[in-house]
Amino acid sequence: MSASGSGSRVAGWSCKKTKKGRGPAGRGSATPQIAALAVIPLENLSRDPEQQYFADGLTDALITDLAKLGPLRVTSRTSVMQYHGTRKRIREIGRELNVDAVVEGTVTRVGNRVRVTAQLIQVSTDMHLWADAYERDVSQILDLQRVLATDIARRINVFVKPVHRVRAVKPEAIGVYLKGRYAFHQYTNRGWQQAIDHFKEAIGKDSEFAPAYAGLADTYLVAGAYGAIPTEEA
């Protein structure tokens with residue numbers, strides 16, 4: 001994701017952490033008040049269209065994790081997905097979504113390694129408040145997304161409980177699970193059936209992977225409500 005002319009992109013693998021309380025937000029100044037935030041779809045840098053589901057799945061997970069934090073208002077996935085690959089400036093996106101700040105970033109997956117870069121940008125000034133890069137094994141992707149959400153929340157002074165490391169998940173289960181989330185959000189009968197198949201496959205690969213059960217429940221709930229699956233079955 002790049003906002004043309006905004007200077008908001010950190011290219012490739014060169015993202016460096018901005019120390020707290022310094023950088024463009026001001027020399028030692030306090031972080032501006034942020035009550036509303038939007039996460040723009042993370043850009044897939046893997047050069048493999050098949051990995052798009054992975055980037056979209058991480059975007060969805062980040063939105064969900066941030067939405068759980070205190071009084072912060074986080075724009076829904078449905079609203080932000082229209083900016084997939086957009087060339088709009090951050091200020092324009094921020095005004096359209098009525099938010100104070102925007103998170104944008106990239107995802108690169110090579111084998112079983114994943115690298116995510118993220119940047120927090122203030123809409124009113126188009127200035128970076130924070131930026132960092134994270135690299136993990138695919139099996140630690142749940143840990144990565146929680147740490148990322150927590151770092152963003154702390155940077156905008158939202159209180160969060162300490163992050164504890166979560167159990168490692170089998171890489172093959174993570175991949176299938178994210179495919180399930182990607183299919184689920186197509187909101188079509190075919191997509192929901194694919195999501196059910198993917199979530200069941202993820203459970204088969206790692207029977208203690210709770211998000212896969214939650215994804216399966218979500219799919220039955222929505223597919224049943226829309227009549228894609230008989231109510232009794234759902």
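**Packing of helices 5, 6 and 7**

Helix 5 passes helix 7 in a left-handed crossing (the near helix is turned anticlockwise from the far one by less than a right angle). The model is predicted, with local features requiring pLDDT of at least 70 and side-chain atom pairs pLDDT 80 or more, whereas totals for chains, interfaces and linings use all residues. Residues are numbered from 1 along each chain, and side-chain values use heavy atoms, without hydrogens and water.

The axes of helix 5 and helix 7 come within 10 Å and cross at roughly 20 degrees (axes are lines fitted to C-alpha atoms over the stretch in contact, with angles from 0 to 180 degrees between N-to-C directions). The two helices, helix 5 and helix 7, are therefore roughly parallel (under 35 degrees). Contacts (heavy atoms within 4.5 Å) join Y177, R181 and F184 of helix 5 to residues of helix 7 including P211, D218 and V222.

Helix 6 has buried residues (under 20% relative accessible area, 1.4 Å probe, protein chains only) at G191, W192, A195, I196, F199, A202 and I203. These cover an arc of only 140 degrees around the axis, which places them on the same side of helix 6 (the arc is that of directions from the helix axis to the C-beta atoms). Exposed residues (over 50%) R190 and G204 lie on the face turned away from the buried side. Helix 5 (171–184) and helix 7 (210–225) are among the elements covering the buried residues of helix 6.

The axes of helix 6 and helix 7 come within 9 Å and cross at roughly 160 degrees. Helix 6 and helix 7 are therefore roughly antiparallel (over 145 degrees).

Terms used:
Helix = DSSP H or I, 4+ residues; strand = E, 2+ residues; numbered from the N terminus. Parallel < 35°, antiparallel > 145°, perpendicular 65-115°, else oblique.
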